[in-house]
Amino acid sequence: MGKEGFLSPKAIGNRIKAKGLQKLRWYCQMCQKQCRDENGFKCHCMSESHQRQLLLASEDPNKIMDNFSQEFKNDFIELIKRRFGTKRVQNNIVYNEYINDREHVHMNSTQWETLTEFTKWLGKEGFCKVDETPKGWYIQYIDRDPETIRRQEELERKKKQDLDDQERSAKFIEEQVRRGQGGREPEEAPVFTELKRESEEEKITFNLAKGSCSSADGLSKASVALGPSALKAAGSGKRKDAPSTSEAKEKKKSALGEIMEMEEQKKRSVRADHWLHPGIVIKVVTKRLGEKYHKKKGVVKEVQDKYTAVVKMIDSGDKLKLDQSHLETVIPAPGKRVLVLNGVYRDTEALLDSIDERKFSATLTLDSGRMKGRRVNGIAYEDFSKMA
């Protein structure tokens, strides 16, 4: 009977068995040879080539072990650096990926007996940060590459420079405020109380300081009941503590500031966390529905529970039920009709006049309601959308 060929079933079966990882106890690290069974490993140990390798290793066994340890350490650290970077990962996960390579250096030929011992050694030598948890040992690679260190130092320098710029800006603003106040300390705001009369028969009295008016010299320091003539005389006198023009301007400015703050509070109070409205054009931003609907436009046909919309896609005509977090508004070209979805002018139709791309806002001209014809600036992109 002739010898079996390369394409015989037995030869093919042997090649299939030789693929992948085999049992570690039948692997010879010195010869870097993997045997499939115990008989093959026994035959290999009795071979002449294995005996020669043993003689070479017996001359300097420590050097051979050091070479294997160095190679194992380099390959293991290279895998952490390339595969996981500086992320914190469990040591068993890294080791399982390392031994997937059939030609890897086995740990039983190195100076470390266990993976835990090797992990502790990595932390002691400063190659990785290691910590023990109830789930096992975790390692984190320390990147000491000069280019990485230079990049980190540059980022730290930039962050510190930004903080210095913010501090200088804050000091400049404080200096401007102090100069605007004329160098004086800010005055405490006056407290106003309601004027109440304890009984109907009691007369209203005023305490007037001495010299407050020219006709009050003959009055006593105590409280007095003022008649019509006395009030007339008091009104005809000149007040010594009349407010100056600058103080009046400051009061006017503060009153204007209070009005502006009240308007801002009013705008914030009318804002809501839902903005969906039937008849507007929206864009799908979620990727969970696949590329067919991602970044595609549709029309809101119905709104359910304020936060859910039934959307009919413009391209395909499909109807989808989506949450408002998966949608965003559509900004049309100037001159098109839009609907205000949030803020003071909610549910008001308008015309888009212009767009400010730097501030992500637009200028609208209201086209319905009591404010029809009014021009409104600074309406955010998310507060209005194109009408179908």
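**Helix packing and nonpolar cores**

Phe-72, Lys-73, Phe-76 and Ile-77 of α4 are in contact (heavy atoms within 4.5 Å) with Phe-118, Trp-121 and Leu-122 of α6. By class, this contact of α4 with α6 comprises six nonpolar residues, no polar ones and one charged residue; here Ala, Val, Leu, Ile, Met, Phe, Trp, Tyr, Cys and Pro count as nonpolar, Asp, Glu, Lys and Arg as charged, and the others, Gly among them, as polar. The model is predicted, with local features needing pLDDT of at least 70 and side-chain atom pairs counting only at pLDDT 80 or more, while totals for chains, interfaces and linings use all residues. Residues are numbered from 1 along each chain as its sequence is written, and side-chain values use heavy atoms, with hydrogens and water left out.

The axes of α4 and α6 lie 13 Å apart, at an angle of about 75 degrees; axes are lines fitted to C-alpha atoms, for helices over the stretch in contact, and angles run from 0 to 180 degrees between N-to-C directions. The two helices, α4 and α6, are therefore roughly perpendicular, the term for angles of 65 to 115 degrees (under 35 is roughly parallel, over 145 roughly antiparallel, and the rest oblique).

A second partner of α4 is α5, with an angle of about 110 degrees and axes 10 Å apart, so α4 and α5 are also roughly perpendicular to each other. From α4, Phe-72, Asp-75, Phe-76, Leu-79, Ile-80, Arg-83 and Phe-84 meet Asn-91, Ile-93, Val-94, Tyr-95, Glu-97 and Tyr-98 of α5. Nine nonpolar, one polar and three charged residues make up the contact of α4 with α5.

These helices also come together in the largest nonpolar core, which has 19 residues. Such a core is a set of buried Ala, Val, Leu, Ile, Met, Phe, Trp, Tyr and Cys residues joined through side-chain atoms within 4.5 Å, where buried means under 20% relative accessible area (1.4 Å probe, protein chains only). At least two core residues come from each of α4 (61-84), α5 (91-98), α6 (115-125) and β5 (136-141), and α4 gives the most, with seven. Phe-72, Phe-76, Ile-80, Val-94, Phe-118 and Ile-139 have the most contacts inside this core. Not counting residues up to four places away in sequence, Ile-139 touches, among others, Phe-76, Ile-80, Val-94 and Cys-128. A second, separate core of 15 residues includes Ile-282, Leu-320, Leu-327 and Leu-339.

Over the whole chain of 388 residues, 24% are buried.

Technical notes
Buried means under 20% relative accessible area, exposed over 50%, partly exposed in between (1.4 Å probe, protein chains only). Helices (H or I, at least four residues) and strands (E, at least two) are DSSP runs, numbered from the N terminus.
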